Amino acid sequence: MSTAKLLVDRRERRLLADAAGSFILLCLIEARLPLPEYLLGTIIEPILVSSAARTIIAGVLVSLVAAYIFYLLIDYFPRSAKEDKSIFVLNSLLAAVLDSYDRCRVFGHETALPHVQRHVLEDDWLEQTIADIKDRNAKFLPLKLAMQTAHSRLDDFRNTLVLAVNLSPECTLQWLVIIDKIRLFAESYGEQPEIPEDKINLADSESDENPLRLYKADLGFRFLEVVEESQRWLQHNGPKA
C-alpha cells in the first residue's frame, strides 16, 4: 500500500513527478548534449553552455533528488507503515462485528481481534450481505449476535478515533459516521421483546404473529447501515486500497 500511495495520493504523486523530472534533467545536463539548432546564437546560449551554470544547476538538482530520497526513507515509508498498522486495527474492529454476523458465533463478542475472519472485509461479501438484508433474507440470530458484538466493542470504536485522526480529516469524518452507526446498532441491546416458547419458530417469519418481527426489522436496518458505511470506509482503507 505504501508504494501504491505514491501514485494515488495527489501530493505524493506531485513530489514523485518533481523528483523524477529533476533526475531526468540532471541526466541531460551531465550528458552534455549539444544544443538544438534553434537555440544557437540566442542570448541564452552562453548560459546553457557555461560550465559554471551547468555546475550550479546540477548541484541544485542533485540536492532536490537527494532531499526526496531522504524524505522517502526518513518520513514517508515509516509514516506509511504506521498508517497501515492503524488501518489494520480499525479494519479489525469492523471485521469483529461483521464476522459475528457471518459465522453466527454466540461468543463472537469475546473473540480477540487477531482471530476474527477478515474475508468479511472483501467487497463481494459486503455486497452480498447488503443484498441479503435488503431482500429480507437475513436471519434473526446472526443479526442479534452482531449487535451484541457491536455493543461490547462500542468503546473500542470510540477509543480508536485517534487512529483515524492521524490518518486524515476524511478518515476522521468517515470513522465518526461508523461510530454513530455502531452506537445506533448497539442501542438495540437489551430491547428484545419476550417471545413465548411456542412462537420461537416464528423468529424469522414475516408473519404478524411473530413477536420479534419489528425488532428484527430494526436490527436489520441498523446492521445494513453499519455494512454500508463499512463498505465506504474500505473502498479507501481496505486490504487492497
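In the predicted model, Phe-185 lies in helix α8 and is buried, with a relative accessible area of 0%. When residues up to four places away in sequence are left out of the count, Phe-185 touches Val-97, Leu-143, Ala-146, Met-147, Ala-150, Leu-219, Arg-222, Phe-223 and Val-226. One of these partners, Val-226, is 41 residues away from Phe-185 along the chain, yet the C-alpha atoms of the two are separated by 7.8 Å.

The helix that carries Phe-185, α8, comprises 18 residues, for which a rise of 1.5 Å a residue predicts a span of 26 Å; the C-alpha atoms at its ends are 26 Å apart, in agreement with that expectation. Buried positions in α8 are Cys-171, Thr-172, Gln-174, Trp-175, Ile-178, Ile-179, Lys-181, Ile-182, Leu-184, Phe-185 and Ala-186. These buried residues pack against four other helices, namely α4 (51–103), α6 (140–159), α7 (161–165) and α9.

The packing of α8 (residues 169–186) on α9 (residues 213–237) brings the two axes within 9 Å, with a crossing angle of roughly 160°. Because angles over 145 degrees count as roughly antiparallel, α8 is roughly antiparallel to α9. The crossing of α8 with α9 is left-handed. On the α8 side the contact is formed by Cys-171, Gln-174, Trp-175, Val-177, Ile-178, Lys-181, Ile-182, Leu-184 and Phe-185, and on the α9 side by Leu-219, Arg-222, Phe-223, Glu-225, Val-226, Glu-229, Arg-232, Trp-233 and Asn-237. By class, the residues of this contact between α8 and α9 comprise 11 nonpolar, 2 polar and 5 charged.

Helix α8 also meets α6, the axes of the two helices coming within 8 Å and crossing at roughly 130°, so that α6 and α8 are oblique to each other. This crossing of α6 and α8 is likewise left-handed. From α6, the residues Leu-143, Ala-146, Met-147, Ala-150, His-151, Leu-154, Phe-157 and Arg-158 meet Trp-175, Ile-178, Ile-179, Ile-182, Arg-183, Phe-185 and Ala-186 of α8. The contact of α6 with α8 is made up of 12 nonpolar residues, 1 polar residue and 2 charged residues. Phe-185 takes part in the contact with α6 and also in the contact with α9, in keeping with its list of partners, which includes Leu-143 and Phe-223.

A further relation involves Leu-143 and Asp-218, which are 75 residues apart in sequence and 9.9 Å apart in space when taken from C-alpha to C-alpha. Asp-218 lies in helix α9 and is partly exposed, with a relative accessible area of 29%.

Towards the N terminus, another pair of helices was examined. The axes of α2 (residues 10–31) and α4 come within 9 Å and cross at roughly 145°, and this crossing of α2 and α4 is left-handed. Helix α2 contributes Arg-11, Glu-12, Leu-15, Leu-16, Ala-19, Ser-22, Phe-23, Leu-25, Leu-26, Ile-29 and Glu-30 to the contact, whereas α4 contributes Arg-54, Ile-57, Ala-58, Leu-61, Val-62, Leu-64, Val-65, Tyr-68, Tyr-71, Tyr-76 and Arg-79. The residues of the contact between α2 and α4 divide into 16 nonpolar, 1 polar and 5 charged. Helix α4 also contains Ser-51, which is partly exposed, with a relative accessible area of 47%. Between Ser-51 and Arg-32 the separation is 19 residues in sequence and 10.0 Å in space, C-alpha to C-alpha.

Outside the helices, Arg-136 is found in the loop between α5 (123–134) and α6. The phi angle of Arg-136 is near 60°, a positive value in a residue other than glycine. Arg-136 is exposed, its relative accessible area being 62%.

For the protein chain as a whole, 9 helices and 0 strands are assigned. Of its 241 residues, 38% count as buried. Among the contacts in the protein chain that link residues at least 6 apart in sequence, 72% join residues at least 24 apart.

How values were computed: Residues numbered from 1 in each chain as written. Predicted model: local features only at pLDDT ≥ 70, side-chain atom pairs only at ≥ 80, totals over all residues. Heavy atoms only, no water. Axes fitted to C-alpha atoms, helices over the stretch in contact; angles between N-to-C directions. Parallel < 35°, antiparallel > 145°, perpendicular 65-115°, else oblique. Left-handed = near helix turned anticlockwise from the far one by under 90°. Contact = heavy atoms within 4.5 Å. Nonpolar A, V, L, I, M, F, W, Y, C, P; charged D, E, K, R; others polar. Expected span 1.5 Å × (residues − 1). Buried < 20%, exposed > 50% of the residue type's maximum accessible area, 1.4 Å probe, protein only.
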